[in-house]
Every structure is written in structure tokens, then in C-alpha cells.
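Let's take a walk through this model, strand by strand and then into its pocket. Have the sequence and the 3D view open side by side.

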Amino acid sequence: MILLISAMAFSQEQNGKFTVDANYFYGNILPHNNTIRHLITEHPEGILISFNKKTFGEKEWQSAYNFPDYGASFHYENTKNETLGDLYGLYGHYNFYFLNRNLMFRVGQGVSYNTNPYDKNTNFRNLAYGSSWMPSTYLMLNYKKENVFKNIGVQAGISFFHHSNANFQSPNTSTNTLAFNLGVNYSFEKSEENQRTTRVFDTINYKKQPIKFNISFRTGINESDIIGSGQFPFYVLSANIDKRLSRKSALQFGTDFFMMKYLDEYIKYKAVAYPEEVHDADTDYRRIGVFVGHELFVNRFSIETQVGYYVYSPFDFLGPLYQRIGLKYYATNKIFASMALKTHGAKAEALEFGVGVRL
């Protein structure tokens, strides 16, 4: 969703040229969980239509990342299963180029809609999606040739689509679709190679920057895997230090304090329903973790990846390790907003929305 906002904001710029592409894809829903194997009956197929804006080095980050594209894309996936329903998605994306700009890697983030989510009365077999609306991510790796015939080009490769509501509402087993794609692209103007200019506006020596201190507050709502147990708010207070290594990278070390109210209710439920597993309904649901991470700076946006370990977790739930991957937007050099997915391996626990300062 943050990428979608960025794509719409950037579209206000007047420099650069535009392309559109349309791809047909055909593939498989990966059986990552036994509870959705009964929903994988045929090969899903669909279309992906994208609008792209090229960059030419007007800003320093464009040169640093080999002149990527950014834009918006629409996705439709026919899962070939009435119980699972079909999927529609709207995304913001970036295209990054390699091998003389013939190899394109795209990452897209947005929101999708499922036509037939779980319903205890009418669709109780759909354990993949507990809600119609959900966050969604897709990746694409394509061999791409523009202007093969006049302004028309071709592209082909593989795509990966992830649909999950991040435990907003149970059930949430989610789906991952791996597909082959074949498509065409159209450039509104044919030749632009000579317009790309490598410019260095940023003369900051990042290696000499001092260690920075960050503090952030994250929140949201989620539900346990007990269907119908209810949605509850959660609160996360995080503090970390980071050391900038280069224009693109910084390393992080920090700590998280978690207050997940759904876990408090889950402990009480387990104490009654499974007393042999949980003997004390008053077991502390709060957790403290330490983490190491990396931040990849693009422009005002950055991508965070973190791996953490619980040093305090009285209730053993989902194991001692956790991960976080997310996006940050720097409104100023010190103030940022964030959106991140917290997981335990392949199990999503929460979609976190946050604000913070970097001092």
C-alpha cells in the first residue's frame, strides 16, 4: 500500500516516459500448508496489467539504482476453485534492471480482494482467506525486450503472488502462487537510451555518519487461529541503533516490547480447553525480543528486514525466533512512518503500522 501511494505521488512529475505491459500467467498454488491442499484442484491463471514510468537520473537515487521504473499494476487470478474464490489486486511497484536492462526484477505491494472468503455457514472449507480484503505482495523476474516491432516489445519469465490478511481475521492460511508469465509491452516513445545520465547529487560520506538512535511505536489488530475468537489490538514499542554503511545500506541492532492482546485471550482459552498444555490462565502474554536487521534505502522509502529472538516469553508460542519485513517512508530526515509484516517463519502474526523518529 505504501508503494501504491508512492507510485501515485511520483506520477505528478513531468520528466520521463511511460510504458504499459500486459502479462498472461499460468502456474500452481504452492501446498505450503496441509489445510489448503484440498483447495488446490487445478492450475490458476490470470492477467497482470501494469503502467510504468521510467527514470533518467533527474534524482540521485535513480542513478544509484540503475534507473528503475515505478508505477501501478492490476492483477486478476482465477484460482480454478469455487471454494477458494478469485482474486483481484491493485499494487504499486518498482522495476529494477540488470544485464544491459534486459533482465527486469519487479516488486509490488498493494491490496487484493477475494470473491469468496471463509464463512462458517456458507463457505467453511476456505481456510486460506478469513476476509475479502487483504494485503498482497508480488514478485516478477522477466527477460524483457522493448521496441521489437516499432513501439511494441515482449517479455517472459516467472511471477510469485502472495495473498494473506496477516491474521487480521481467522482463518488465514494464505496462498502462494508461482507462475510462468508471457506478455507484451508498449513504449509511448521509442528511443530514450541517450537521455539517461548518471548524476551524483549526494556528496554525504555515509561511512562517517555517527550511529543513529531510533524509537518507534507500532500497532494494529489481529486474531488468533481459533476461528471466531475475536479481533484485538496490539502494541509494539521498539528501540534500535543503526550504522549507515553506504548510500544504500545500514545495519541495525535493537529490542522490541510486544503487548499482543489476542495472545492474552488465547492463553486463557488454552488453560480451559487444554489444561494439560497450559496450567495457569494468568501466564504473562507480553514478550521482549532482541533483533538484528538491515535497512535498504531507495529514496524517501526504505526496506527493512529484521530477525529477532525472544529473551522474555513466558508463554511458548510459535517458537523463539521471529522475523519482520517492511517499508518505511521518511517524511523528514528524522520522522518516519512504517508498515511491516511480523512472522514466525511462514506463519504471519501481525501487520504492523507505525511511526517513529531517527535521532
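Before we get to the pocket, one bit of bookkeeping: Ala, Val, Leu, Ile, Met, Phe, Trp, Tyr, Cys and Pro count here as nonpolar, Asp, Glu, Lys and Arg as charged, and the others, Gly among them, as polar. Also keep in mind that you're looking at a predicted model.

Start with the barrel. Eight strands close up in the order E1-E2-E3-E4-E5-E6-E7-E8, and the pairing is antiparallel. Neighbouring strands of this sheet are turned by 25° against each other on average, ignoring direction.

Now follow a few of the pairings. Strand E2 (residues 45–53) and strand E3 (residues 69–78) run antiparallel and are joined by nine bridges. To find your place there, look for phenylalanine 51, which stands opposite alanine 72 in E3. Step across from E3 to E4 and you meet another antiparallel pairing, again over nine bridges; here tyrosine 76 has tyrosine 88 of E4 as its bridge partner. Further along, strand E5 (residues 103–114) and strand E6 (residues 133–149) run antiparallel, with 11 bridges between them. One of the matches to pick out is leucine 103, whose bridge partner in E6 is tyrosine 143.

On to the largest pocket. It holds about 1,100 Å³ of space, and 45 residues line it. If you want to find the middle, go to Thr137, His162, Ile325, Leu341 and Thr343, the lining residues that lie nearest the centre. Several strands supply at least two lining residues each: E4 (87–98), E5, E6, E7 (152–163), E13 (301–312), E14 (321–330), E15 (335–344) and E16 (347–358). E14 gives the most, with five residues. With the classes from the start in hand, the lining of this pocket splits into 24 nonpolar residues, 18 polar ones and three charged ones.

Finally, the rings. The structure holds 25 aromatic pairs. One of them is between tyrosine 269 and tyrosine 274, an edge-to-face pair at 6.5 Å centre to centre, with 70° between the planes. Are these two tyrosines buried or exposed? Neither label fits: tyrosine 269 has a relative accessibility of 36%, so it counts as partly exposed, and tyrosine 274, at 34%, counts as partly exposed too. For a bigger group than a pair, look at Trp61, Tyr65, Tyr70, Tyr94 and Phe96, which ring pairs link into a cluster.

Conventions. Residues numbered from 1 in each chain as written. Predicted model: local features only at pLDDT ≥ 70, side-chain atom pairs only at ≥ 80, totals over all residues. Heavy atoms only, no water. Pairing = 2+ DSSP bridges. Helix = DSSP H or I, 4+ residues; strand = E, 2+ residues; numbered from the N terminus. Axes fitted to C-alpha atoms, helices over the stretch in contact; angles between N-to-C directions. 1 Å grid on protein atoms, 1.4 Å probe; cavity = no way out; pocket = protein on both sides within 12 Å on 5 of 7 lines; lining within 4 Å. Points joined across faces, edges and corners; volume = space filled by probe spheres on them. Phe/Tyr/Trp six-rings, centres within 6.5 Å; stacked < 30°, edge-to-face > 60°. Buried < 20%, exposed > 50% of the residue type's maximum accessible area, 1.4 Å probe, protein only.
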